[in-house]
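Here are a few exercises on charged pairs and a pocket. Have a go at each one before you read its solution.

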Amino acid sequence: MLTSQELIHYSRHIILPEIDEHGQEKLKQSSVLIVGAGGLGSPVAMYLAAAGIGKLIIADHDTVERSNLQRQIIHSLDSIGNAKVESAKDTLEKLNPWLRVELIETKLQEESLNTAVSGADLIVDCSDNYPTRFALNQACVGVGKPLVSGSAVQFNGQVAVLNQSPHSACYHCLYQDGLFNEESCESQGVLAPVVGVIGSLQATEALKVLLGIGNSLDSRLLIYDALNATFKTIGITKDPACEVCSHS
Ligand SMILES: [Zn+2]
């Protein structure tokens with residue numbers, strides 16, 4: 001049951017017939033794992049916290065650096081040198097008094113990764129490297145959890161919902177391991193609000209999947225080109241021979 005304060009806090013959600021009190025209660029019962037508390041993780045965590053997700057599990061093993069503040073809006077000057085997860089928690093707790101935040105400050109690998117994924121209803125990939133994306137995808141396929149994937153570099157970004165059902169494509173269906181050179185904001189740069197656009201889309205898709213409303217980006221890739229101000233969406237075909245999801 002939502003308290004009278006919560007009913008006021010979330011009134012702009014509750015007034016939406018697609019959400020109402022029942023949906024808001026559902027969000028309160030939900031837990032989301034956010035991998036990465038950087039450029040994408042900032043808007044994802046802040047919007048999911050503000051929107052009333054009951055529990056956020058935030059994983060990141062970096063500390064806040066000055067060069068992060070150009071786009072990682074969950075952190076501030078006071079947090080430079082502190083763990084990103086601690087800095088994120090401080091901001092989130094000011095946004096929502098009912099939110100429970102769990103922090104994972106070590107690098108997620110195999111067992112710890114599987115445990116973290118198992119403990120959440122939905123996973124949002126806000127990481128900045130391919131090995132993490134592939135490992136996270138594998139863990140999500142393993143336990144059948146939906147994955148909202150996002151990435152942004154330079155003036156471009158993309159979002160997809162993967163593994164939402166047994167019929168959905170996974171990240172490995174979209175990209176094969178080893179085909180990519182590492183591209184990151186560090187080496188290539190990124191326009192600050194592009195991570196905000198992509199992170200906000202990831203948060204939106206996460207809420208839709210948890211609420212079971214609308215048509216998600218399930219097995220679709222949305223591509224944003226900021227310089228030309230265009231969005232396009234392409235289908236992702238589930239690979240029947242995918243070495244990650246074809247046996248699950
Ligand atoms: Zn696959």
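Start with Lys89, which is partly exposed at a relative accessible area of 24% (buried is under 20%, exposed over 50%, partly exposed in between, with a 1.4 Å probe and protein chains only). Before going on, note that this is a predicted model, where local features need pLDDT of at least 70, side-chain atom pairs count only at pLDDT 80 or more, and totals for chains, interfaces and linings use all residues. Numbering runs from 1 along each chain as its sequence is written, and side-chain values use heavy atoms, leaving out hydrogens and water.

**Exercise 1.** Find the salt-bridge partner of Lys89 and place the pair in the fold.

*Solution.* Step one: look for a side-chain nitrogen of Lys or Arg within 4 Å of a carboxyl oxygen of Asp or Glu, which is what a salt bridge means here. Glu93 fits, at 3.6 Å from N to O. Step two: both sit in helix H5 (residues 84-95), and because they are four residues apart, about one helical turn separates them. (Helices are DSSP runs of H or I with at least four residues, numbered from the N terminus.) Step three: check Glu93, which is partly exposed at 39%.

**Exercise 2.** Work out which parts of the chain the bridge between Lys28 and Glu6 links.

*Solution.* First, the contact: the two side chains meet at 3.2 Å, N to O. Next, the location: Lys28 belongs to helix H3 (residues 20-28) and Glu6 to helix H1 (residues 4-9), so the pair, 22 residues apart, ties together distant parts of the chain. Finally, the surroundings: Glu6 is buried at 1% relative accessible area, whereas Lys28 is partly exposed at 27%.

**Exercise 3.** Are Glu205 and Lys208 buried or exposed, and where does Lys208 turn up again?

*Solution.* Begin with the bridge, 2.8 Å from N to O. The two residues are three apart in helix H10 (residues 192-211), about one helical turn, and both are buried. Now for the pocket: Lys208 helps line the second largest one, along with others including His13, Tyr47 and Ser200. (A pocket is an open set of points on a 1 Å grid over the protein atoms alone, where a 1.4 Å probe fits, with protein on both sides within 12 Å along at least five of seven lines; lining residues have an atom within 4 Å of a point.) H10 gives the largest share of this lining, six residues.
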